[in-house]
Amino acid sequence: MPDWLAYVNGHLGRLPLSETESSQVREELAAHLEDAYLSLLAQGFSETNAARLVCDQVPSWQQLHRDILAAKSEAFMQNRVSQLWVPGLVTLTGSAALLAVFEFAGWRPMVIPPHGPYSFVIYFPWLFCLPLFGALGAYLSLRARAHGLAVHCAALFPALVMAASLFAILLVALVLTDRRPLGVVAAGFGVFMLNWFLLPGFFLLLGDLLLQLVMKRRLASN
Amino acid sequence: MVSNELKRGTAELAILSVLERQPLHGYEISRRIELDSCGALRFTLAALYPLLYRIENRRWVRGEWEITDTGRRRCYKLLPRGRKMLVPLRAQWADLFRAMRRVARVNHA
């Protein structure tokens with residue numbers, strides 16, 4: 001009997017999927033070809049004719065390669081929503097809402113120095129709550145079976161959104177506003193980045209890492 | 001003989017319908033559809049698997065490896081979401097056939 005797995009491996013080409021997923025697809029296709037071949041033999045076809053008819057099931061391996069990837073990438077998009085966008089948006093909404101609550105309650109940020117062109121505006125109570133949101137984002141992402149970078153991105157989502165917004169504002173400011181000295185723009189940008197990206201990012205990451213540590217320990221103890 | 005376009009449209013309904021009766025692996029699905037449709041619907045490997053992977057991603061079916069007489073095979077089982085999808089799919093196709101009967105004056109064979 002022909003080696004159908006070798007035949008599939010020789011024709012399908014490399015699938016940009018995980019090692020396990022790729023080998024499972026190959027094994028499944030080979031099993032289908034083998035079943036079809038055995039069925040044709042049972043119907044009285046010669047080995048040569050049966051093999052030819054089975055091979056005719058795939059007119060274009062390149063097209064099959066594309067179709068399989070299209071089907072699998074649909075899953076990738078769905079996973080990206082559940083593993084990154086939804087946890088990220090929950091984290092962003094929650095942290096932004098909490099900041100608004102603190103503002104509404106009259107908790108003023110610490111401004112260092114209180115007067116000057118570049119002040120660090122630090123909301124300590126809000127920052128200390130951010131690990132909870134980082135942990136929430138990481139938990140939701142992990143629950144959707146994400147791993148690695150996707151989990152960190154979901155946890156750090158509010159800080160990443162803020163960094164992206166600040167870069168966009170910087171670009172617009174550089175293009176549209178009157179020409180200020182580059183040092184002034186850079187100093188202002190640096191202060192904003194520290195206030196709204198580095199500090200919140202640190203506390204969000206702290207929650208993310210702590211949660212992952214706890215979950216790993218729980219898994220190990222189980 | 002049914003045209004290719006129409007076959008593509010019937011594919012999801014056909015697969016879900018045969019899996020409604022029992023879990024089957026890929027080759028069995030194609031054989032069952034071919035037998036039940038008296039040869040009018042034929043799923044080659046190239047047509048079947050992209051579609052199976054797509055409906056598996058939508059969680060209409062779930063594939064699980066099983067050891068059979070002929071070796072390891074991935075057996076597909078209809079999930080509740082897939083069972084739920086059968087209702088509107090069947091209704092859509094019934095509507096289409098009714099419409100075609102009226103427009104083209106096609107009767108059941």
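Okay, let's start in chain B, with strands β2, residues 61-68, and β3, residues 71-78: they run antiparallel, and eight bridges join them. Keep in mind that this is a predicted model. The link from β2(B) to β3(B) is a hairpin through two residues. If you want a spot to orient yourselves, find W65(B), which sits opposite R74(B) in β3(B).

Now, on to where the chains meet. On the chain A side, 22 residues are in contact with 15 residues of chain B. Which elements of chain A supply at least two residues each to that side? That would be α2, residues 19-42, and α4, residues 61-105. The largest share comes from α4(A), with ten residues. As for character, the chain A side splits into twelve nonpolar residues, four polar and six charged.

Right, the inside. Nonpolar side chains tend to be buried together in soluble globular proteins. Here the largest nonpolar core has 34 residues. Those with the most contacts inside that core are L33(A) and, from the other chain, I15(B), V18(B), L19(B), I29(B), Y49(B) and L52(B). Two or more residues each come from α1 (4-12), α2, α3 (47-55) and α4 of chain A, and from α1 (4-21), α2 (26-36), α3 (45-57) and β3 of chain B. So, back to our hairpin for a second: β3(B) is one of the contributors.

Take I15(B) as an example. Leaving out residues up to four places away in sequence, I15(B) touches I29(B), L51(B), L52(B) and I55(B).

And apart from that core there's another one, of 27 residues, including L130(A), A135(A), A138(A) and L211(A). Okay, that's my tour.

Methods: Residues numbered from 1 in each chain as written. Chains lettered and ligands numbered in written order. Predicted model: local features only at pLDDT ≥ 70, side-chain atom pairs only at ≥ 80, totals over all residues. Pairing = 2+ DSSP bridges. Helix = DSSP H or I, 4+ residues; strand = E, 2+ residues; numbered from the N terminus. Contact = placed C-beta atoms within 7 Å. Nonpolar A, V, L, I, M, F, W, Y, C, P; charged D, E, K, R; others polar. Core = buried A, V, L, I, M, F, W, Y, C linked by C-beta atoms within 7 Å. Buried ≥ 20, exposed ≤ 12 C-beta atoms within 10 Å, placed from the backbone.
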